[in-house]
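Subject: The structure we talked about

Hi there,

Here is the structure I promised to pass on to you. Please have a look at it in your viewer, and then read on for what turned up.

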Amino acid sequence: MSRYKDHPIYGVAVPAPENQWYSRGLVFDRDLNQTIEIKRIESNRRTFKTKKQAEQYGLDLCKAWVDKRP
């Protein structure tokens, strides 16, 4: 798990057909006393050859979502 602007974020690789990977990003509440997911970002339009690439893209999706918040 990484932190971005005080939000815990997590990039997840989800198996896709033909040995590919989809990406999922999870953003959690800033309060570390809670484990509340505040946003789940699914991306199945783009596939990746490696699990690591999919996880990194999930983190990038999370960062973009956090940056758009007021």
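To start at one of the turns: how many residues lie between β2 and β3 in their hairpin, and which residue in the turn has a positive phi? Three residues sit between these two strands, and Glu18 is the one with the positive phi, about 60°. Please bear in mind throughout that this is a predicted model.

**The strands**

β2 and β3 run antiparallel and are joined by eight bridges. Within this pairing, Gly11 stands opposite Gly25 in β3. On β1, β2 also has an antiparallel partner, with three bridges between them. There, Arg3 faces Pro8 in β2. β1 and β2 form a hairpin too, with two residues between the strands, and in this hairpin Lys5 takes a positive phi near 50°. Seven of the 10 residues of β2 are buried, so this strand is largely enclosed by the rest of the structure.

**The helix**

At 1.5 Å a residue, the 18 residues of α1 should span 26 Å, and its end C-alpha atoms are indeed 26 Å apart. The buried residues of α1 are Ala54, Gly58, Leu59, Leu61, Cys62 and Val66. Looking down the axis of α1, you will find these buried residues within an arc of 155°, so they line one face of the helix. They pack against β1, β2, β3 and β4. On the face of α1 turned away from the buried side you can find the exposed residues Lys52 and Lys68.

**The core**

In soluble globular proteins, nonpolar side chains tend to be buried together. Here the largest nonpolar core has five residues, namely Ile9, Val27, Leu59, Cys62 and Val66. α1 gives the largest share of this core, three residues. Val66 is a good one to click on: beyond its neighbours within four places in sequence, Val66 is in contact with Tyr4, Lys5, His7 and Val27.

**The salt bridges**

You will find three salt bridges in the structure.

- Asp67 and Lys5 meet through their side chains, at 2.7 Å from N to O. This pair links distant parts of the chain, 62 residues apart: Asp67 belongs to helix α1 (residues 51-68), and Lys5 to the loop between β1 (2-4) and β2 (7-16). Asp67 is partly exposed at 39% relative accessibility, and Lys5 is partly exposed at 49%.
- Arg24 pairs with Glu42, with 2.8 Å between the closest N and O atoms. Arg24 lies in strand β3 (residues 20-28) and Glu42 in strand β4 (residues 37-48), so this salt bridge ties together parts that are 18 residues apart in sequence. Arg24 has a relative accessible area of 21% and counts as partly exposed; Glu42, at 47%, is partly exposed as well.
- Arg40 and Glu37 form a salt bridge at 3.2 Å, N to O. Arg40 is partly exposed, at 42% relative accessible area, and Glu37 is partly exposed at 33%.

If you open just one spot, try Lys5: this residue takes a positive phi in the hairpin of β1 and β2, meets Asp67 in a salt bridge, and is in contact with Val66.

Best wishes, and happy browsing!

How values were computed:
Residues numbered from 1 in each chain as written. Predicted model: local features only at pLDDT ≥ 70, side-chain atom pairs only at ≥ 80, totals over all residues. Heavy atoms only, no water. Salt bridge = Lys/Arg side-chain N within 4 Å of Asp/Glu carboxyl O. Helix = DSSP H or I, 4+ residues; strand = E, 2+ residues; numbered from the N terminus. Buried < 20%, exposed > 50% of the residue type's maximum accessible area, 1.4 Å probe, protein only. Expected span 1.5 Å × (residues − 1). Arc of directions from axis to C-beta. Contact = heavy atoms within 4.5 Å. Core = buried A, V, L, I, M, F, W, Y, C linked by side-chain atoms within 4.5 Å. Pairing = 2+ DSSP bridges.
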